[in-house]
Amino acid sequence: MQLAIRAEVIGDEDLRKTISLSNQACQECIDIGMREHTFNKTRLHQLTYKVIRTAHPELNSSLVTAVRDQASDMLKRLKLKKKPTKKRDSSIRLNHNTFRLLPDSKLVSLSTIAGRRKYAVKIPPHFEKYEFKSSDSARIRTKKGRTFLDIIIETPTPKRRIVKKIIGIDRGVYNPAVTSDNTFFNSKRLRGVKGRYKHLKRCLQRAGTRSAKRHLQRLAGRERRFVADVNHCISKAIVNKDCDAIAIEELKTGSMKSKGRTGKKTRCLIGSWSARQLLSFIQYKAEMLGKSIILVNSHYTSQACNRCGDIRRTNRKGRIFQCCVCGYSLHADLNASRNIACLAKGRISRLVVNQPNVACDELKASLREELRASIVTSLASQMRGS
Ligand SMILES: [Zn+2]
């Protein structure tokens, strides 16, 4: 399992100079690459290595080759159509020749313009519980006079739990997540904050001045961080629930788009919905705890009755689910999340008795049948239990 750590380095002037000089050398490589119209690493090496070593004798050969690789990748990303720019304080890549993490002594050894140096590194306390030896890839950058390291570390993956208890999660626009054990995570605060940002952005776009554009850029970052924070809180609460596996419906790109004629407001809401980020947070957090993620097909989960298994479109009336056959009534998202849990349970029990999985084919009829069968089986087991 890989983890990304952001740690502060107690750096000195030599380290800061190394970063700014490397960025300068990277820009020089980019300039040469654009002039000669190439991003090929070998070609770029022949063109730039001697030039950079002569211009900046303080940079050692490993730093120069790392800088050349970074320049090549930046040129490749923009397909030589536009010239990339490298700021003095942006990040530079480190590899096993220029960087070594010594987690036991909380030190990091780095190549600088003054030779190899050791610096103290502040690893956030949250990561101290993980066992990791060292790492051979990182990025280093400066921000407002401070130096930060982004390190990728490899830790042993926790053993998967035996699946006994499953909770289902239904994701939606109004309720980002509803779990089958009656927990609702609503997006009221999220929508309020997003609305405020939207208004502010509209005003700034209308102003169109240079300072307004700078302000807009700052706002974009702030809004993105706020959304990520909300998703982190929701995913943490979900994975810490008492369960061994989490069942989530698969949302394809098509199902995330609005179907048919919808109003502007709904389109905006769906457009700003960050369901994929929430799923990725739940996935990696569950993996850290040894819990499994079961992805199930989302077809009919909001139309099926969780008590009798009846499936029809008219069962759902807005946010309320009311079964046309047995009259069972429940919040529509809660009903869907329970159906998702049933589907996952059905899939797990089939795997245990080693029967073929009928849901693999995309036939809607078999999906309907699978969902109905899962609900009926889970009901029967509940009745046996009670
Ligand atoms: Zn029913």
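Guide: A residue counts as buried here if 20 or more other C-beta atoms lie within 10 Å of its own, and as exposed if 12 or fewer do. The model discussed is a predicted one.

Visitor: How many of the 20 residues of helix 4 are buried?
Guide: Helix 4 runs over residues 188-207. This helix is hardly covered. Among its 20 residues, the count of buried ones is one.

Visitor: How far apart are the end C-alpha atoms of helix 4, and what span should its 20 residues have?
Guide: The expected span follows from a rise of 1.5 Å a residue, which gives 28 Å for the 20 residues of helix 4. The model agrees with this, because the end C-alpha atoms are 29 Å apart against the expected 28 Å.

Visitor: Which residue just after helix 4 takes a positive phi?
Guide: The phi in question is about 70°. The residue that takes it, just after helix 4, is Gly-208.

Visitor: What is the radius of gyration of the protein chain?
Guide: The C-alpha trace spans about 80 × 55 × 35 Å along its principal axes. A compact globule of 386 residues would have a radius of gyration near 21 Å. The value for this chain is 27 Å.

Visitor: How far apart are the C-alpha centres of domain 1 and domain 2?
Guide: Domain 1 covers 2-154, while domain 2 is made of 166-188 and 231-385. Their C-alpha centres are separated by 44 Å.

Visitor: Which residue is the bridge partner of Leu-3 in strand 7?
Guide: Strand 1 (residues 2-9) pairs with strand 7 (residues 146-154) in the antiparallel sense, over eight bridges. Within this pairing, Leu-3 has as its bridge partner Ile-153.

Visitor: In strand 5, which residue is the bridge partner of Val-9?
Guide: Strand 1 also runs antiparallel to strand 5 (residues 115-122), and two bridges join them. The strand 5 partner of Val-9 is Val-121.

Visitor: Which strands stand at the edges, each with a single partner strand?
Guide: The open sheet has five strands in the order 10-9-8-11-12, with mixed pairing. Each edge strand has one side without a neighbour in the sheet, because it has a single partner strand. The edge strands are strand 10 (184-185) and strand 12 (292-297).

Visitor: Which residue in strand 12 does Ile-248 stand opposite?
Guide: Strand 11 (residues 245-250) pairs with strand 12 in the parallel sense, over six bridges. Opposite Ile-248, in strand 12, stands Leu-295.

Visitor: What angle does the direction of helix 5 make with that of strand 9?
Guide: Helix 5 (residues 210-239) packs on the sheet and touches strand 8 (166-170), strand 9 (177-179), strand 10 and strand 11. Its direction and that of strand 9 make an angle of about 10°.

Visitor: And what angle does the direction of helix 8 make with that of strand 11?
Guide: Helix 8 packs on the sheet too, touching strand 9, strand 11 and strand 12. The angle between its direction and that of strand 11 is about 155°.

Visitor: Is Leu-289 buried or exposed?
Guide: Leu-289 is found in helix 8 (residues 275-289). Not counting residues up to four places away in sequence, Leu-289 touches Pro-158 and Val-239. It has 11 other C-beta atoms within 10 Å, and 12 or fewer is the cut-off. Leu-289 is therefore exposed.

Notes
Residues are numbered from 1 along each chain as its sequence is written. This is a predicted model: local features need pLDDT of at least 70, side-chain atom pairs count only at pLDDT 80 or more; totals for chains, interfaces and linings use all residues. Two strands pair if DSSP finds at least two bridges between them. Helices (H or I, at least four residues) and strands (E, at least two) are DSSP runs, numbered from the N terminus. The radius of gyration is taken over C-alpha atoms; the globule rule is 2.2 Å times the number of residues to the power 0.38. The expected span of a helix is 1.5 Å times one less than its number of residues. Domain bounds come from an automatic or database domain assignment. Two residues are in contact if their C-beta atoms, placed from the backbone, lie within 7 Å. Axes are lines fitted to C-alpha atoms, for helices over the stretch in contact, and angles run from 0 to 180 degrees between N-to-C directions.
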